[in-house]
Amino acid sequence: MLKVIGTALLTAFVTSMFWIWFYNFVPQPRPSVARSGPVVTVKAENAPPVVVAQQVQVAPSGLALPVVGVKPEQLSDTYEDARGQGRRHDAIDIMAAEGTPVIAVADGTIEKLFNSVRGGITIYERSTDQKWIYYYAHLSAYAPGLAEGQQIHRGDPIGFVGSTGNASADGPHLHFAISRMGPADRWWQGIPINPYPLLAGRGPHR
Ligand SMILES: [Zn+2]
């Protein structure tokens, strides 16, 4: 009897040691972000690494294009589109492959990381001057280590394009919005403005 129990315990021990070893020493597909001076390399799940710092495109407004590899001329203005129940879109959708790195459009602070029914995995970033919230939605994941209260710079990787929330799995995209914030406005408040002219290259960000 003791021998049977001993064998069972030994089997359980060896099995758990195997899984501990497996998860620690066999590389798992998960996003990673590595920094070396001004160069930031991002590797999404199951995708080749991308050097972000060399791919940041900045519009004349001063905002960076939030999806790596997407150029201003590839954007389309979907701000006025209807989105059911009398709602207006109040954002633009930037189509890109699942797992494409998403970067901060401007310097600021991560104010809220929120998982919502419509937006899925989302980020609310407050600009350094407190006047704007930049909203990034339908992400597949956050950049590793991203946290509320964290200061970030324009071009820093903050997440990955996905289709969480009410986005179609067939059309992964970044839903991106900008809100003008009053002095006492919280992260979910503010008045939306159209990000399209600011990202597509029509004048300064005011
Ligand atoms: Zn959208």
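**Exercise 1. The open sheet**

Task: In this predicted model, work out in what order the 3 strands of the open sheet stand, and which of them lie at the edges.

Solution.
- Step 1. The order is S1-S2-S3, and the pairing is antiparallel.
- Step 2. Strand S1 (32-36) and strand S3 (50-51) each have a single partner strand, so both stand at the edges. One side of each is therefore left without a neighbour in the sheet.
- Step 3. Look at the contact between S2 (residues 39-43) and S3: 2 bridges join these antiparallel strands.
- Step 4. Name a bridge pair: Val 42 has Val 50 in S3 as its partner.

**Exercise 2. A nonpolar patch**

Task: Find the residues that make the nonpolar surface patch of about 490 Å².

Solution.
- Step 1. The residues are Leu 10, Phe 13, Val 14, Met 17 and Ile 20.
- Step 2. Place one of them: Phe 13 sits in helix H1 (residues 2-25).

**Exercise 3. Aromatic pairs**

Task: Classify the pair Tyr 124 and Tyr 135, then the pair Tyr 136 and Phe 176.

Solution.
- Step 1. Two values describe a pair of aromatic rings: the distance of the centres and the angle of the planes.
- Step 2. The structure has 5 aromatic pairs. For Tyr 124 and Tyr 135, the centres are 4.6 Å apart and the planes stand at 45 degrees; the pair is tilted.
- Step 3. Tyr 124 belongs to strand S7 (residues 120-127) and Tyr 135 to strand S8 (residues 132-142), so the pair ties together parts 11 residues apart in sequence.
- Step 4. Both Tyr 124 and Tyr 135 are buried.
- Step 5. For Tyr 136 and Phe 176, the centres are 5.3 Å apart and the planes are at 55 degrees, so this pair is tilted.
- Step 6. Tyr 136 is in strand S8 and Phe 176 in strand S11 (residues 173-180); this pair links distant parts of the chain, 40 residues apart.
- Step 7. Tyr 136 and Phe 176 are both buried.
- Step 8. Now look for a cluster. Phe 114, Tyr 124, Tyr 135, Trp 187 and Trp 188 form one.

**Exercise 4. The zinc ion**

Task: Identify the protein donors of the zinc ion and their spacing along the chain.

Solution.
- Step 1. The donors are His 89 (NE2), Asp 93 (OD) and His 175 (ND1), at 2.0 to 2.1 Å from the ion.
- Step 2. Their spacing reads H-x3-D-x81-H.
- Step 3. His 89 lies in the loop between S3 and strand S4 (92-95), while His 175 lies in strand S11, 86 residues apart.
- Step 4. Buried means under 20% relative accessible area. His 89 has 7%, so it is buried. His 175 has 14%, so it is buried.

**Exercise 5. Salt bridges**

Task: Describe the salt bridge of Arg 126 and Glu 111, then find the network around Arg 88.

Solution.
- Step 1. The whole structure holds 5 salt bridges.
- Step 2. In the bridge of Arg 126 and Glu 111, the closest N and O atoms are 2.8 Å apart.
- Step 3. Arg 126 is in strand S7 and Glu 111 in strand S6 (residues 108-116), so the bridge ties together parts 15 residues apart in sequence.
- Step 4. Compare the cover. Arg 126 is buried at 6% relative accessibility, whereas Glu 111 is partly exposed at 26%.
- Step 5. Shared partners join Glu 80, Arg 88 and Asp 90 into one network.
- Step 6. Within this network, Arg 88 bridges to Glu 80 at 3.6 Å and to Asp 90 at 2.6 Å.
- Step 7. Arg 88 is partly exposed at 40%, and Glu 80 is exposed at 55%.

How values were computed
Residues numbered from 1 in each chain as written. Predicted model: local features only at pLDDT ≥ 70, side-chain atom pairs only at ≥ 80, totals over all residues. Heavy atoms only, no water. Pairing = 2+ DSSP bridges. Helix = DSSP H or I, 4+ residues; strand = E, 2+ residues; numbered from the N terminus. Patch = residues over 30% accessible without salt bridge, like charges linked within 9 Å, V, L, I, M, F, W, Y side chains within 5 Å. Areas by Shrake-Rupley, 256 points an atom, 1.4 Å probe, with all protein chains shown as cover. Salt bridge = Lys/Arg side-chain N within 4 Å of Asp/Glu carboxyl O. Phe/Tyr/Trp six-rings, centres within 6.5 Å; stacked < 30°, edge-to-face > 60°. Buried < 20%, exposed > 50% of the residue type's maximum accessible area, 1.4 Å probe, protein only. Donors = N, O, S within 2.8 Å, 3.2 Å for Na, K, Ca; no water.
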